[in-house]
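Here is a short briefing to read alongside the model. Take a moment with the sequence and the fold, and then we can walk through them together.

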Amino acid sequence: MPLYEYRCRACGAEFERLVRWNTPTEEIECPRCGRREAEKRLSLFATAGTGSESRRGPPCGPVT
């Protein structure tokens, strides 16, 4: 199961949950206030390094 980041619309708390990819946000309960008003956030891990220019080190493949 992937780790997702959420923010509660009711109290502003930010938290993480291990949930299945198809779990509706209406089922995610805030650990601070207990309300089910979470919104999924984009994590830095998910948005950083998405292009080929973000590679570090040599490319994969045989060394010649």
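Which residues make a nonpolar surface patch of about 370 Å²? The answer is Met1, Leu3 and Leu18, and the notes below place these residues in the fold. Please keep in mind that this is a predicted model. The chain holds one helix and three strands, arranged along the sequence as β-β-β-α.

**The chain as a whole**

- The chain has 64 residues, and buried residues make up 17% of them.
- Its accessible surface comes to about 5,500 Å², with 50% of that belonging to carbon and sulfur atoms.
- Among contacts with a separation of 6 or more, 29% are between residues 24 or more positions apart.

**The sheet**

- The three strands form an open sheet in the order β2-β1-β3, with antiparallel pairing.
- β2 and β3 are the edge strands, each pairing on one side only.
- From one strand to the next, the twist averages 40°.
- Strand β1 (residues 3–8) pairs with β2 (residues 14–18) over five bridges.
- β1 also pairs with β3 (residues 38–41), here over four bridges.
- β1 and β2 form a hairpin with five residues between them, and Gly12 in the turn has a positive phi of about 85°.

**The two faces of β1**

- In a regular strand, side chains alternate between the two faces of the sheet.
- β1 shows such an alternation: Tyr4, Tyr6 and Cys8 point to one face and are buried.
- Leu3, Glu5 and Arg7 point to the other face and are not buried.
- Across the pairing, Tyr6 stands opposite Phe15 in β2, while Glu5 has Arg41 in β3 as its bridge partner.

**Back to the nonpolar patch**

- Met1 lies in the segment before β1, and it counts as exposed because its relative accessibility is 69%, where the cut-off is over 50%.
- Leu3 of the patch is one of the β1 side chains that are not buried.
- Leu3 and Leu18 are also linked through the sheet: Leu18 in β2 is the bridge partner of Leu3.

**Salt bridges**

- Side chains of opposite charge can pair when their charged atoms come close.
- How many salt bridges does a search of the whole structure find? There are five, including the pairs described here.
- Arg7 and Glu39 meet through their side chains at 3.6 Å, N to O.
- This pair links distant parts of the chain, with Arg7 in β1 and Glu39 in β3, 32 residues apart.
- Arg7 is partly exposed, at 28% relative accessible area, and Glu39 is partly exposed too, at 29%.
- Arg9 forms a salt bridge with Glu39 as well, with the closest N and O atoms 3.8 Å apart.
- Arg9 lies in the loop between β1 and β2 and Glu39 in β3, so this pair ties together parts that are 30 residues apart in sequence.
- Taken together, Arg7, Arg9 and Glu39 are linked in a network of salt bridges.
- Another salt bridge joins Arg35 and Glu37, where the closest N and O atoms are 2.6 Å apart.
- Arg35 counts as partly exposed at 45% relative accessibility, and Glu37 is partly exposed with a relative accessible area of 28%.

How values were computed
Residues are numbered from 1 along each chain as its sequence is written. This is a predicted model: local features need pLDDT of at least 70, side-chain atom pairs count only at pLDDT 80 or more; totals for chains, interfaces and linings use all residues. Side-chain values use heavy atoms; hydrogens and water are left out. Buried means under 20% relative accessible area, exposed over 50%, partly exposed in between (1.4 Å probe, protein chains only). Contact means heavy atoms within 4.5 Å. Accessible areas come from the Shrake-Rupley method with a 1.4 Å probe; for residues, only the protein chains shown count as cover. Two strands pair if DSSP finds at least two bridges between them. Patches are made of residues with over 30% relative accessible area and no salt bridge: like charges are joined within 9 Å, nonpolar side chains (Val, Leu, Ile, Met, Phe, Trp, Tyr) within 5 Å. A salt bridge is a side-chain nitrogen of Lys or Arg within 4 Å of a carboxyl oxygen of Asp or Glu. Axes are lines fitted to C-alpha atoms, for helices over the stretch in contact, and angles run from 0 to 180 degrees between N-to-C directions.
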